[in-house]
Number of protein chains: 2
Amino acid sequence: MSLVVQKFGGSSLATPEKIHRAARRAIRSKLEGRRVVLVVSAMGDSTDELLKLASGVCSDPPKRELDMLLTTGEQVSIALMAMAIESAGHEAISLTAGQLGLVTDSAHTRARIQRISRERIDRELDQGRIVIVAGFQGTDAGGEITTMGRGASDTTAVALAGALGADRCEVYKDVDGVYTADPRLVPNARRIPVLSYDAMLEMAGAGAGVLHPRAIDFARKFNVALEVRSSLWEGKGTMITPETAETAALPVRGVVLREDLALAALAGVPNQPGVTARVFAQLADKQILVDDIVQGVEADGRTVRISFSISRTDAGATREVCERLRQQCGWAGVEMDESVSKISAIGVGMRSHAGVAHVMFDALARAQIDVLGISTSEIVISCLVRRGDGPRALRGVHDAFGLGEPGPQAPMSGVTSLQGPAATKL
Amino acid sequence: MSLVVQKFGGSSLATPEKIHRAARRAIRSKLEGRRVVLVVSAMGDSTDELLKLASGVCSDPPKRELDMLLTTGEQVSIALMAMAIESAGHEAISLTAGQLGLVTDSAHTRARIQRISRERIDRELDQGRIVIVAGFQGTDAGGEITTMGRGASDTTAVALAGALGADRCEVYKDVDGVYTADPRLVPNARRIPVLSYDAMLEMAGAGAGVLHPRAIDFARKFNVALEVRSSLWEGKGTMITPETAETAALPVRGVVLREDLALAALAGVPNQPGVTARVFAQLADKQILVDDIVQGVEADGRTVRISFSISRTDAGATREVCERLRQQCGWAGVEMDESVSKISAIGVGMRSHAGVAHVMFDALARAQIDVLGISTSEIVISCLVRRGDGPRALRGVHDAFGLGEPGPQAPMSGVTSLQGPAATKL
């Protein structure tokens, strides 16, 4: 008998009606002859409400107690979901992470899954029940309650699907899939029918909020057939799968805008070995993630200029670290631009197509948008732009790669396939 | 080192300020050199809000899932309390029933404690921490989450105090102790400084909502020194202790009005063996608690009239049971008066004083209040009255027993001590 894991996020559970709607999906899958495991998040914005409660009591809550507090949100959801399914005449049982045996390490608020026991879930499924699991939470080996970070219910679902050998993991969202760009910013953005794990991972990493990166990583690791679908209406979503001819056919599958960045620049840094290493070691100590590092020689020919992007919320801490080092090492200055966005073009087909960067730069140039920095990886090209230019840059690049055009998308002008006769130069 | 268990109810935790106030109490006890265990309820009316959520999803929620839902309320409280104590610079740790090892039977929504493990609490106390325990909840032997009924956090506190051999269990309330009568109805009601377990148990049973009856029963069983205190202001509360000369000195310690009753009467019942047993067996099957049963011969001399009081919420179900039996057995009729209150006078001293009933009936007669029924036990006399007469009856009886008078209360006129020379007839 096939097994499906279905995950519903907080906005898909915000009201009793929405809970019943999700319950009906699960029941339908059950009636189609599947074993069904549901993973649910906390209702609506209840996690934020719990965080507000905590901050009303304590400015810097101990992480263990924060986990104790926040896990109640998912516990409420599993109980209500079980009630909804039972009230529709089907058997259901809710399970906390502790009851199920989802064991994490002990890193409160950012725990990682270590193992998942099948025993309890299998027993309940064998009795014909729909099993409802609390997302986001775990317990460590000592029975302490942990959480795995915001959005980690996706990870719970995919990891469960992997552990249970599920045929499919369906993640229900307010949107009906992954789009070529954020439809709120790009009106002609289109749903992507099939996307590879690698491309999805890079899109999530670049700022597409559809799925939690760790969930995608788990899906890739355990080869879970993952589908992002709409909780509101019927119809297909986006299948996220191993790389196929289809997913690799296009050089660029999507463009992503990340708007919460700052750009730091260290000016006039003595060009001595170890200085750069010292800067980034100290930033890493403060848990500051650094991206897009560019180093160039200054006009004086003796010193260098080091630029890097960071999350805007880390700007203050970064400035502090850099200022302290500046005073010790005698650089010319520390600059910080807190109005920076990053636009990324992503596609596994990029590996086999030349000219992708050219199309992107050309689109930005035609739109008269200054590029503040560039970074590339095997399947991603990113440009830093001024925040105000972001949405316009996104639309320009989206159009340049032909992502808004209907039908099977064709490689666009200026991009050369590096592979076989199926992809001809246009 | 002495150990104190302190229990705070929902209204004492309704806001961050109140949580901090409770935290300061616990910290003060800690600084006085005690080991401190806190037991907390769900904040404010959050249990009612959770029940409302459940009823929005399902008209008759499965009890297991109701327990899964409701226990989140206390889990929120323990986390916030730990945060409040830590933010004041003291170490604290919150524990769910499962983490602590408070094991109940499997009767969801009305579970009973089977055993409490000391191990985890002792370990945390040994490290100098204030331990915060979720009231109301337990886990059964299979790890299923249970609850013990509304108000059962008192029971958690007293049972923990017993299991840990605590020197004292302090229960903090919105009132500063147990009163001779409800001060909202009787303006000259006075706080009772010391009360025996037995009297407190009868007062709770008669409708005084201060403490959960099972908590008092546990206190008596494990000989826990129990104090009801105010969470709002300093000063003594009511000590609840084994019977002493002080607690037995007065015939009546308090009067209690219960206003949610109905009086059922079965008229013209054939006086055959087994008929009465059949009525009450069927009521018990429906979990209907019956009180104050009076049976008398009808005017015809051949049939009997059976009256009994029940909770008003059970009136409909009781009428159904009785009507069905009436049709089978051919009684004359089933009557139901849904506007009945019960006034009870309670005191362990009643055992050794005569004339108590006389004083009570006399007070009611002087106030021209009809008595609809009477029941007595060793330390309680109760009269059923019309609901509209309740508060006036309460004030009259309270005054007749001299309970509103200042200073050490003296046995009142008309009551005779049956013991030694210390108590002389007045």
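**Exercise 1.** Which rotation, and what shift along its axis, superposes chain A on chain B?

*Solution.* In this predicted model, a rotation of 180° with 0.0 Å of shift along its axis brings chain A onto chain B, the RMSD being 0.1 Å. The two copies are therefore related as by a two-fold rotation axis. To locate that axis in chain A, look for the C-alpha nearest to it, which belongs to Thr72(A) and lies 2.6 Å away. The same surface serves both copies, since 100% of the contact residues of chain A recur in chain B.

**Exercise 2.** Describe the side of chain A that touches chain B, by element and by residue class.

*Solution.* Begin with the count: 28 residues from chain A and 28 residues from chain B take part in the contact. On the side of chain A, the elements that give two or more residues are helices H1 (16–31), H2 (46–57), H3 (63–87) and H4 (97–100), and of these H3(A) gives the most, with 14 residues. Sorted by class, this side has 17 nonpolar, nine polar and two charged residues.

**Exercise 3.** Work out the strand order of the eight-stranded open sheet of chain A, and find its edges.

*Solution.* The order is S3-S6-S2-S1-S9-S11-S12-S10, with mixed pairing. Strands S3 (92–95) and S10 (194–196) of chain A each have a single partner strand, so one side of each is left without a neighbour in the sheet. Neighbouring strands are turned by 20° against each other on average, direction ignored. At one edge, S10(A) pairs with S12(A) in the parallel sense over three bridges, and Ser196(A) stands opposite Thr241(A) in S12(A).

Definitions and conventions
Residues numbered from 1 in each chain as written. Chains lettered and ligands numbered in written order. Predicted model: local features only at pLDDT ≥ 70, side-chain atom pairs only at ≥ 80, totals over all residues. Least-squares fit on C-alpha atoms with pLDDT ≥ 70 in both. Contact = placed C-beta atoms within 7 Å. Helix = DSSP H or I, 4+ residues; strand = E, 2+ residues; numbered from the N terminus. Nonpolar A, V, L, I, M, F, W, Y, C, P; charged D, E, K, R; others polar. Pairing = 2+ DSSP bridges. Axes fitted to C-alpha atoms, helices over the stretch in contact; angles between N-to-C directions.
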